[in-house]
Amino acid sequence: MEAIIHIPPDWALATTHIASEYVSRQLLALIGGRPNAIPPLELDFVMLMACSKLASTLANAYQNPVTINLDVARYADVLHMMEKGINPACEDSLLARYPPEAQIHLDRPTVVCDKFGIIIFWYLPSTIDLPVQNDMAAATAKMSVPLARSVMRSTTANDNWRTHSSNFYPSQSKGIPGCINLSPAWFLQGHPAPKFHPQVSATLKEFDGRSFSQAMYRLAALIAAALRVMHPKLY
């Protein structure tokens with residue numbers, strides 16, 4: 001959890017940064033048995049409660065590690081670049097080379113580590129508060145058309161494997177399954193800096209992107225806060 005540069009308060013990501021820093025400080029307090037971090041006044045009540053719950057769940061997971069007999073670095077070395085996971089022969093070879101030791105049932109927040117203590121993934125059930133879940137549902141409804149269009153229904157998984165229909169199941173909450181790219185600012189393919197500038201992704205331009213972004217801002221901040229803890233350099 002490394003220190004990072006100061007973000008000016010008038011920047012669009014200032015609130016996200018404040019939330020991330022609060023989650024990081026509160027997590028350290030919970031793990032180290034120190035007094036709670038001072039809640040930042042810049043966060044509204046819903047966001048503050050969501051950040052506090054996230055920090056608590058992250059702390060519970062960190063203090064409940066599960067170790068599996070796997071060297072994740074060596075496993076990563078044998079994977080192909082841009083691994084798609086749809087080659088049966090390749091998948092069978094990996095399974096034979098790195099067979100699962102046993103089935104593990106996770107029923108509480110947990111970090112799963114390889115045999116050298118490297119965290120492979122965080123299991124964080126029930127982390128998102130109901131108000132934020134409601135925001136997610138409203139935002140997903142706004143994107144129902146592009147989500148439905150994104151699912152490929154061909155008989156074989158092709159280069160668009162991420163959106164192949166075999167990856168999706170009917171929603172129990174009447175949501176629309178799918179996979180779309182949504183970014184308020186990214187570099188288009190083949191348009192790198194400094195010659196080109198970031199642009200709004202096409203889907204956000206086409207489908208009421210402003211209201212979608214507003215509905216998702218709390219969740220986006222929580223995701224950034226979790227990344228601040230899990231992978232500070234990537235954050």
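# A tour from ring to ring and helix to helix

Select Tyr62 to begin: this residue is partly exposed, with a relative accessible area of 44%. On this scale, buried is under 20% relative accessible area, exposed is over 50%, and partly exposed is in between (1.4 Å probe, protein chains only). You are looking at a predicted model, so local features need pLDDT of at least 70 and side-chain atom pairs pLDDT 80 or more, while totals for chains, interfaces and linings use all residues. Numbering starts from 1 along each chain as its sequence is written, and side-chain values use heavy atoms, without hydrogens or water.

**Zoom out for the overview**

Colour by secondary structure and you should find eight helices and three strands in the protein chain. Both are DSSP runs numbered from the N terminus: helices are H or I with at least four residues, strands E with at least two. Followed from the N terminus, the order is α-α-β-α-α-β-β-α-α-α-α. The C-alpha trace spans about 55 × 45 × 45 Å along its principal axes. Of the 235 residues in the chain, 30% are buried. Take the contacts (heavy atoms within 4.5 Å) between residues at least 6 apart in sequence: 61% of them join residues at least 24 apart.

**Two ring pairs**

How many aromatic pairs does a search of the whole structure find? There are two. A pair has ring centres within 6.5 Å, using the six-membered ring of Trp; planes under 30 degrees apart are stacked, over 60 edge-to-face, and the rest tilted.

Go back to Tyr62 and add Trp122: these two are stacked, 6.4 Å centre to centre with 25 degrees between the planes. Tyr62 belongs to helix 2 (residues 45–62) and Trp122 to strand 3 (residues 119–123), so this pair links distant parts of the chain, 60 residues apart. Trp122 counts as buried, at 17% relative accessibility.

Now select Tyr75 and Tyr98. This pair is edge-to-face, because the ring centres are 5.2 Å apart and the planes stand at 80 degrees. Tyr75 sits in helix 3 (residues 72–78), and Tyr98 in the loop between helix 4 (88–97) and strand 2 (110–113), so the pair ties together parts 23 residues apart in sequence. Tyr75 is partly exposed, with a relative accessible area of 28%.

**A cysteine in helix 4**

Staying with helix 4, pick Cys90. Is this residue buried or exposed? Cys90 is buried, at 16% relative accessibility. Try a distance label to Leu79: the two residues are eleven apart in sequence, and their C-alpha atoms are 9.2 Å apart.

**Along helix 1**

Next, show the side chains of helix 1 (14–32). Its buried residues include Ala14, Thr16, His17, Glu21, Tyr22, Gln26 and Leu27. What do the buried residues of helix 1 pack against? Their partners are helix 2 and helix 8. Step just past the end of helix 1 to Gly33, where phi is positive, about 70 degrees.

**Last stop: a backbone angle**

Finish at Ser126, in the loop between strand 3 and helix 5 (130–142). Check the backbone here: Ser126 is not a glycine, yet its phi is positive, about 55 degrees. Most residues other than glycine have a negative phi. Turn on the surface too, and you will see that Ser126 is exposed, with a relative accessible area of 60%.
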